[in-house]
Amino acid sequence: MRKTFYRLFTLTAVIMTCMLYASAIEFSDVQSNSWYKDYVDYAAKNGLINGTGDGYFSPDKEFTVAQCLTVAARIHSSQFGKELTEYSGENWYDCYKDYCIDNKIISPQQFSGNFNRSITREETVNVLINAVRNDFISK
């Protein structure tokens, strides 16, 4: 149980600092001595995050529901080998939101349709716990 908590805490800490949707792997605002640099590099290298645009990671900005769903969909897709088809919807995050609903990571009513608001740590853990394989959590 304690290992599970620490894994989720570490994953949450990394993701809570993430802002998504650029293409750079090296972020100009992540200092080489930042405690989270290795985690950010790993997440970017593995396609879980891509920053906030123009080579920025924005570690001091809030994490939104839409960004969390993006990370959750990418984690789930990677772990379960499911295809994540990125498409343009009305909102940039629609494909990730739809993927999360289709794969029961979230319910259709969850977040009351407000995906641009900040997400709490509790909500983040609940979303991510539904995105990862059970054997990852139980170790």
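Here are legends for three close-ups of a predicted model.

Local features need pLDDT of at least 70 and side-chain atom pairs count only at pLDDT 80 or more, while totals for chains, interfaces and linings use all residues. Residues are numbered from 1 along each chain as its sequence is written, and side-chain values use heavy atoms, with hydrogens and water left out.

**View 1. Phe-111, a buried loop residue.** Phe-111 sits in the loop between helix H4 (94-102) and helix H5 (121-131); helices here are DSSP runs of H or I, at least four residues, numbered from the N terminus. Its relative accessible area is 8%, and buried means under 20%, exposed over 50% (1.4 Å probe, protein chains only). Skip residues up to four places away in sequence, and Phe-111 touches Val-65, Leu-69, Ile-106, Arg-117, Ile-119, Glu-123 and Val-127 (contact: heavy atoms within 4.5 Å). Glu-123 is 12 residues along the chain from Phe-111, with 9.4 Å between their C-alpha atoms.

**View 2. His-76 in helix H3.** Helix H3 spans residues 65-80, and His-76 is buried at 5% relative accessible area. Leaving out neighbours within four places in sequence, its contacts are Gly-81, Lys-82, Tyr-99, Asn-103, Ile-105, Asn-130 and Ala-131.

**View 3. The two sides of helix H2 (residues 37-45).** Lys-37, Val-40, Ala-43 and Ala-44 are the buried residues of H2. Down the helix axis they fall within an arc of 130°, so they line one face; the arc is that of the directions from the axis to the C-beta atoms. Asp-38, Tyr-42 and Lys-45 are the exposed residues on the face turned away from that buried side. After H2 comes Gly-47, with a positive phi near 75°.
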